[in-house]
Amino acid sequence: MSAARRCALAAATLAFALLPHAERSAKAALSSLADADRAITEMDVERARSILASHDPAKPKVSLLLGKLALETGECDDAVKHLSPEAVQALPDAGALLTVARGCARAMAATIVVDDPVHAVRVRLQDDADRAIVPLIGDAIAKQRAVLKRDLGVDMPTPTRVDVVRDQFSLAAMTGLPHKAAQTTGTVAIAKFGRVIVLSPRAPELGYALQDTIAHEYTHLALTRGTLDGAPLWLQEGVAKREETRWRAATPADEALPADAIAAAGLAKGLGRPLDGIGPSVALLPSAREAMVVYAEVASFVRFLAGDRAGAAGAPADATMLPRLVAAYAEGLETDAALKKVSGKDLKEWNAIWRPWVATQAKPLPASVGLDAGKPAAGHGKEARSLRLGELLLGRGHAKAARTKLDPLEPLGLEDVLLGARVALARLRAGDVAGARAALVDPAKLLADLGAWWATRGDVLAASGVGGKGGASAADAFSAYGAAVAHDPLSEQAACGWASTAPAGDPVAAVARDLCDAARQRQAPPVGRD
Amino acid sequence: MRSDLLAPPAREGLGVFTYASVAAFVAAAHLARLGTRPARLGALALVLTVALGTLLWWARAHRRGRDDLRALGDAAPVLGRAEVERVLRGLALAERIARDPAAEGVSPTLARLHALRSIERLDLDRLAPVGARRARSARYFGLFALIGAACVLGAAPVRLAEGIDVAFARGGKGPFPIVWLDDPRVVVHPPAYLHLPDTTIDGYGRLVANRGAQLVLRGTPKRDGRTLLLADDFHEVPFLDDGAGGVVAHWSVATSGRLRVRARFGEVVIEEPEGWELKALVDDVPTVELEGAPKTIDLATAGGSVPLKYDAFDDHGLREVHLVVRVGAHEERRVLAKLDGEPKHDRGGYVLRTGPQGDPLVAKARTPIRVRIEARDNDPITGPKWGRSAELTLLPPTIGAAEARRYEALRAERDALVDLLALAIEEPADAATAVRLQTRFDEASTSLGDTLGQSWEGVRTPPRIAAIVKGRLRKAREAIAAELKTPGAAPRANTTEALETLTMRLDEALRALGGRDAKGIAALLVDVAEDGAAAAHEAAQGNQPEEATLRLDVDAKALDGGGASMRRLGTLGRDLGEIVENDLRRVARARASSPAPSATSWAQAELALRDLAARMREPVPSFGGGGNSAGSPGAPSEEDQIGDESEGEKQAGDQESALEELAKEHGSAVGEVEDALRDAEDPKSLEGLDEEVKKRAKALRDAVAGLPKNGGMQKNLENAEASLREKAESMAESLERMQIGDAHERGESALKAGEDAKDKAWMAPGADEKIDDAVGEVKKQQEWLDGLLKKIRERAGQKAKEKVKGVAPRERGLEQKTGDLGEQSEKKAPMPEGPRSLLEEAKKKMGEAADALEKGDADKALEKQREAQRLLERARDQMKGEDEPQRGGDGGNRPNTEDKLDIPKAEDHKGPEAFRKRVLGGLGAGASSPKMQEAVKRYAEGLVR
């Protein structure tokens, strides 16, 4: 046999021997990439990173996953680099990811990152003036982490990443949600890419419940991790609504407008949607009204399912339903199969039980909810004019004159807490502390929480004097200001009131002082001075 | 035996191959000299073939010498085949028996003996002559080849060297240089535009020439038949026969490099050992120095102008100097100097007027203005090059500062009204308080009036806001006056209500205005942020980092100022202003991220600025949408939408539209009466008028016949006389056509021309009389025309009597409509005093016109209608703020962004007749009194008839 023939034979043998191995390698590589993708979904950054480190980053699929991972860790410049190549862009979803990566790189350029090692939270602030709210975020995240472990059986990795953006424009850029949609539905936060992206409380004029919102979005992340992104939207939103307040003690306002009643009213008016037909996101619904009904609908259903309505006709009593359902999704089961596995009934069957029950929960709702026809909500027409005139007079120090405009609005304060707050403020400034207290309804009857209301209550309680005639204590005022901060952390009235009433040595005193300083730096005009 | 057989041919053969090899080498060198790839490969093949052939032959001969049997076989043709075969058989047998003695039954000795005897029987002597013959042939062949090679070599020995050089070429270039030219000489011709003399260089060495210069290289070729070239590393040009035994090559200087002479052989060149080091002098870009630049100048302290002094230099000559002014993305160039390309230096200056009446671009600019000087040279070789100076940055007043001051001024007025309202609410409803209210109201009203008329660097209160506030002021004044008359609770309630509404309207308008202003400032900041981002990008790229840094600093300052202004503008402004402030902190953080900003930190700064620009493009509140703010997190929440206009402004806008519509409708009614009268005017109905006008036209023509026809180019007496003649003849022509009104108008023009001519009559003796005659005739005809027109109109009035009666109901309806408009406005959005009284007056005139129309008095009706129309239009204009005296500040001529330009819609096109009416109406409206307007109108009728 000639040397050439021997050589050819050897090559053929080698190729023959290598072929199956190459196939095996390719399969192994694909499986490994799927593992990396799963690790990203599970927010297991280190595992995803170590898997991807063994792959050629020049390969489009690897580069795509590296881009996703970079988005997960907030390294948006890197994400842009990984997602930009043409070959990567040819892959499904790469275009949308690149748009988000670019938006994120732009919005987060030269921002600051604050680590809260105590609560294992890493907060990136688009506006460094928001630094003072980081302890509030850390507190809510740490408490909610324990709640999620308990209620859903999901152990969240640390550190938890939170991005605080200055406006809905940046929120849209960082998440891919159309800006218009965010404006339409009043979106304040989104959980995506393993992070909570939340609006700065300075964006809405009257603030918003920052900590509850963080808890809500954090629950979305937990569900994504726990179900391997298999949870349908109704479960995501319903569970998040249920869990958003469980990190803290319940307040009367939490149940003042029951989701069941809103869902009943909304469904009766045809504003609801089938549970499995909500669409890609509540934030993309056509109106805030529909979004409210859909939120109420899914919240009511999930509470029904989770055992919160035990005793009602057909309602389950098993408190472990939710963690078991999450685990079922993690096995890759579809909704009906997962529900059947954990409860013996599929979605249609549960719907058939819940719908008639929720219809029985209908009750009159305040006009301010916007679901009842008839009398328009306060804030329109004559009332709005009186409110504004009252504010202007207050702003110029004419409290007596302001009362002539605001006192007649007192009855409306039951429904519109802002009106109530302004009436009380006018009375307080006019020296009528008792009248001011009377204008503020009993917190137990409060229909909704508003920072301005709680801050005014704090002012009124503080003015009542410790052990005074009104019987208010410094602790009451401190508590009221605390509630105000929870709903409008950067309101000077709330934050500085909280700081001034914080007991010496209380750990929150420092937090309150920082919030007060930040609020003062905003130089927001007082009531009626804008 | 072997040596006997083989030695002679081998020795001879080696000699032959040696000769052949020499010849083949020479041939191969010549083949390689062709320079093509196949030729060079062929040469290599030839040399290898001969060498290998020699080796093979030698090896074969050597192997054959060791193989007896084969040697014997080879000799068979000479020794005889039968004999040789016999010997071979004997040898084979002896060998076989030697290996196996028992095989054939013969002893090995005997077999060997037999073989030896067979060999001895061969006649080996026969081999010698054959070998000798062959050796001789080989010797002759070898010698012949050697001689051939020697001849070729002797004839052109360099060819062998060239061939070898080419054969061993690497990268298309032979390794051994060869001299090709004798006495090389280079003449340098600089480009014509430089006007420099030629220079000559003998031999090789260093050459310095301007870019675009022509090099002429001459020399004598050492050998003929070579393709000689002049080349650098990129180009080559051929040498051409100069007709005098030499060669010449022309070379255009473009870049520096090494010039060599080379000879080309196919794909290979062989260069000379020496060459020229050419240095091409580049025509430099002009340098421009702008005095003081780079520098930032605050326009507020610039004193109305910025003097620009520049010096432009070029190494060869300048063609043009421009002033370049850049505002945002807009760039404007102005020629400062046009030169003939000769001067190498130009010094000049320009005063850039920066005041409100100054340079329009600068006056309009709200963002930093970059000013630089650019100079162009005269380089025709590579094309003209622009050199630019460093920039002066002119900072206009802080972006939005004027709007912010306006906002604050209006807010202060609102606050004063709130204080007044508090007084009305808190104090008892008695006479003393009423007096105090009156006094305080008068103060507040005066202050508010002043503020509404004030200008802040050209920024004024939008007319609609002024209109609604003035309207409400009037109502409040009326209420207070009523209370003063009869103090009491009910009048006080009215006063309070009026003050509340006034305060609310101003507050609403103020908030809407703040939102609009914030959006307007945001739009301006977009350009500044983009410019800053571009500067950061330049810095990241390492392009002129100092300039980019300066530019970015200026942009950051402008952004900061704009952001600060926005923060003074209410809710939206404060929101957007905070964003600007934060984004500038991000930029500063990026730049301060390391001791010296790196490319990465510049890139971060750029991204932050792009983010700011993108955000300012969408100047909406940071949070929007939703309802139920007190509801649950993540759920929708309430947000006040900041509208573009307040409710009051919308109502004022509706009133403007209604007034506009009413004026248009009434104008149409006026046109109807005018048309009726015009149709009724028929001069031909007057008996004998036809002949009369002809006679009078002739008289006119005769009176001016002595005046010159053409006045020439200069404005002298002759010109004035010609003008008088032309106008009088034109009057005559109208007369002949029976266009009486037209003739009258032209007569007026002729009289005016006559006055002008009389002023110049002193220039020529006797001219006075000639002109007086002509003017006298014109006057005579004018008087006659006045009477005639009166007569015609009276007749027309009678004739149109019935027709105009039909217009009466329409005029009455319009009167009613005007009244309704006034009443409605009083209820919803009271008009200011001016438009309201004008409207009332217009209504009255309409009523009088309707009365006259009902009586068929067309002339009177038309007069009243026209007065009403002018009043309506003035009311409309006052509502739009177009008829207001301007007060305060700088008297600013800056266009107010609130001003709206009326663009006629398609349905507004009414043709020439409508145009005529508009001109007549418009000119008439300019006069202060309705009566005076009639004279203006007559003049205008002459223009547009």
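This short presentation walks through a predicted model with chains A and B.

Good morning, colleagues. I shall begin with chain B as a whole. Its secondary structure comprises 26 helices and 21 strands. The chain has 945 residues, of which 42% count as buried. If we take the contacts in chain B between residues at least 6 apart in sequence, 71% of them join residues at least 24 apart.

Let me turn to a sheet in this chain. Five strands form an open sheet in chain B, in the order β2-β1-β4-β8-β7, and their pairing is antiparallel. The edges are occupied by β2 (199–202) and β7 (240–241) of chain B; each has a single partner strand, so one side of each is left without a neighbour in the sheet. In general, the strands of a sheet pair through backbone hydrogen bonds, in either a parallel or an antiparallel manner. Within our sheet, strand β1 (residues 181–189) of chain B pairs with strand β4 (residues 214–221) of chain B over seven bridges, in the antiparallel sense. To give one residue pair, Val188(B) has Leu215(B) in β4(B) as its bridge partner.

Next, a single residue of chain B. Ala401(B) belongs to helix α10 of chain B, which spans residues 401–426. Is Ala401(B) buried or exposed? It counts as buried, because 21 C-beta neighbours lie inside 10 Å and the cut-off for a buried residue is 20 or more. Apart from neighbours within four places in sequence, Ala401(B) is in contact with Gly561(B) and Ser565(B). By contrast, Thr54(B) lies 102 Å from Ala401(B), C-alpha to C-alpha, with their positions 347 residues apart in sequence.

I now move to chain A and its helix α15, residues 335–343. The buried residues of this helix are Ala338(A), Leu339(A) and Val342(A). They cover an arc of only 95° around the axis, and therefore lie on the same side of α15(A). As a general point, an α-helix has 3.6 residues a turn, so residues three or four places apart point the same way. The cover over the buried residues of α15(A) includes α14 (321–330) and α16 (347–359) of chain A. After α15(A) comes Gly344(A), with a positive phi near 85°.

Finally, the contact between the two chains. How many residues does each chain give? Chain A contributes 54 residues and chain B contributes 44 residues. On the side of chain A that touches chain B, the elements that give two or more residues include α6 (94–107), α13 (288–305) and α17 (381–395) of chain A. That side divides into 26 nonpolar, 12 polar and 16 charged residues.

Thank you for your attention.

Note on methods:
Residues numbered from 1 in each chain as written. Chains lettered and ligands numbered in written order. Predicted model: local features only at pLDDT ≥ 70, side-chain atom pairs only at ≥ 80, totals over all residues. Helix = DSSP H or I, 4+ residues; strand = E, 2+ residues; numbered from the N terminus. Buried ≥ 20, exposed ≤ 12 C-beta atoms within 10 Å, placed from the backbone. Contact = placed C-beta atoms within 7 Å. Nonpolar A, V, L, I, M, F, W, Y, C, P; charged D, E, K, R; others polar. Pairing = 2+ DSSP bridges. Arc of directions from axis to C-beta.
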